[in-house]
Amino acid sequence: MEAAAARPVIRVAAICGSLRKASYNGGLLRAAAGVCEESIPGLRVDHVDISGLPLLNTDLETADGGFPPAVEAFRDKVRQADCFLFGSTEYNYSIATPLKNALDWASRGQNCWADKPAAIVSAGGGFGGGRSQYHLRQVGVFLDLHFINKPELAVKAFEQPPKFDSDGNLIDAQIRERIKQVLLSLQAFTLRLQKKD
């Protein structure tokens, strides 16, 4: 019991590529936070809002390498996180603009993403956002992010039975269990990488 109590809490920064309030990808991230609270001790999912970030424009950077306040606040949250969970919306077979913008801002100057573990979940039509996941993995190579390989989760959001309610909240118990498996894998991988430090 004492060993379990002494275990540090792993902070997961959850970042959604969609800004839509009822986003299914946001619903997956909200479900992930709930799963952690209910059944994964030592893992905490915190939503990191990217809606206030300006579009990447290096003219907004200061001469001393500073950033606009919203960008500085976001970069601080990225630095404080132990790992990341991306809800990767797919637009036109690729990463959604808000997520790519966030990735780029936190890579400017000192790369805030470097050497940290991450996982991806997605929901959408067709392949369930799977193409965006693979593009995100490609970007992650340059950012020095370490993605878990398995399990993968790409939800075909428009197939029956319904997976989400009208507010974008996950209502499918099987997918909730699959999210738990993604989180357990991310937790184990994060602990493994932290032991190497």
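A cavity is a set of points, on a 1 Å grid over the protein atoms alone, where a 1.4 Å probe fits but cannot get out. The model is predicted, so local features need pLDDT of at least 70 and side-chain atom pairs count only at pLDDT 80 or more, while totals for chains, interfaces and linings use all residues. Residues are numbered from 1 along each chain as its sequence is written, and side-chain values use heavy atoms, with hydrogens and water left out.

**Exercise 1. Find the largest cavity, state its volume and describe its lining.**

Step 1. Count the cavities: the structure holds 1 cavity of 30 Å³ or more.

Step 2. Take the volume, which is the space filled by probe spheres set on the grid points, these being joined across faces, edges and corners. For the largest cavity this comes to about 30 Å³.

Step 3. List the lining residues, those with an atom within 4 Å of a point. They are Ile-120, Gln-133, Arg-137, Ile-148, Pro-151 and Glu-152.

Step 4. Sort them by class. Ala, Val, Leu, Ile, Met, Phe, Trp, Tyr, Cys and Pro count as nonpolar, Asp, Glu, Lys and Arg as charged, and the others, Gly among them, as polar. The cavity lining divides into 3 nonpolar, 1 polar and 2 charged residues.

Step 5. Look at the backbone of one lining residue, Pro-151. Lys-150 and Pro-151 are joined by a cis peptide bond with omega about 0°.

**Exercise 2. Describe the largest pocket and the elements that line it.**

Step 1. Fix the term: a pocket is an open set of points with protein on both sides within 12 Å along at least five of seven lines. The largest pocket holds about 240 Å³ of space.

Step 2. Locate its centre. The lining has 18 residues, and those nearest the centre are Cys-16, Gly-26, Leu-29, Arg-30 and His-47.

Step 3. Assign the lining to elements, where helices (H or I, at least four residues) and strands (E, at least two) are DSSP runs numbered from the N terminus. Two or more residues each come from β1 (10-16), α2 (24-39) and β2 (43-47). The most, 4 residues, come from α2.

Step 4. Apply the residue classes again: the pocket lining has 8 nonpolar, 5 polar and 5 charged residues.

**Exercise 3. Trace the largest nonpolar core and place Leu-183 in it.**

Step 1. Fix the terms. A nonpolar core is a set of buried Ala, Val, Leu, Ile, Met, Phe, Trp, Tyr and Cys residues joined through side-chain atoms within 4.5 Å. Buried means under 20% relative accessible area, exposed over 50%, and partly exposed in between (1.4 Å probe, protein chains only).

Step 2. Find the members with the most links. The core has 33 residues, and Val-12, Leu-28, Leu-85, Ile-179 and Leu-183 touch the most other members.

Step 3. Name the elements. β1, α2, β2, β3 (83-87), β6 (116-124), β8 (153-156) and α6 (173-196) give two or more residues to this core. The largest share, 8 residues, is from α6.

Step 4. List the contacts of Leu-183 (heavy atoms within 4.5 Å). Neighbours within four places in sequence aside, Leu-183 is in contact with Ala-32, Val-35, Cys-36, Ile-40, Leu-43, Val-45 and Leu-85.

Step 5. Check for another core. Apart from this one lies a core of 27 residues, including Ile-15, Leu-99, Leu-103 and Ala-118.

**Exercise 4. Decide how many disulfides the structure holds, and examine Cys-83 and Cys-112.**

Step 1. Apply the cut-off: a disulfide is a pair of cysteine sulfur atoms within 2.5 Å. The structure holds 0 disulfides.

Step 2. Take Cys-83. The nearest cysteine sulfur belongs to Cys-36 and is 9.0 Å away. Cys-83 is buried, at 0% relative accessibility.

Step 3. Take Cys-112. Its closest cysteine sulfur, in Cys-83, is 16 Å away, so a bond is ruled out by distance. Cys-112 is also buried, with a relative accessible area of 6%.

**Exercise 5. Find the backbone features of Pro-161, Asp-115 and Asp-144.**

Step 1. Pro-161 lies in the loop between β8 and α6. The peptide bond from Gln-160 to Pro-161 is cis, with omega near -5°.

Step 2. Asp-115 is not a glycine, yet its phi is positive, about 65°. Asp-115 sits in the loop between α4 (97-105) and β6, and is partly exposed at 47% relative accessible area.

Step 3. Asp-144 also has a positive phi, near 65°. Asp-144 is in the loop between α5 (130-143) and β7, and is partly exposed at 33%.

Definitions and conventions
Contact = heavy atoms within 4.5 Å.
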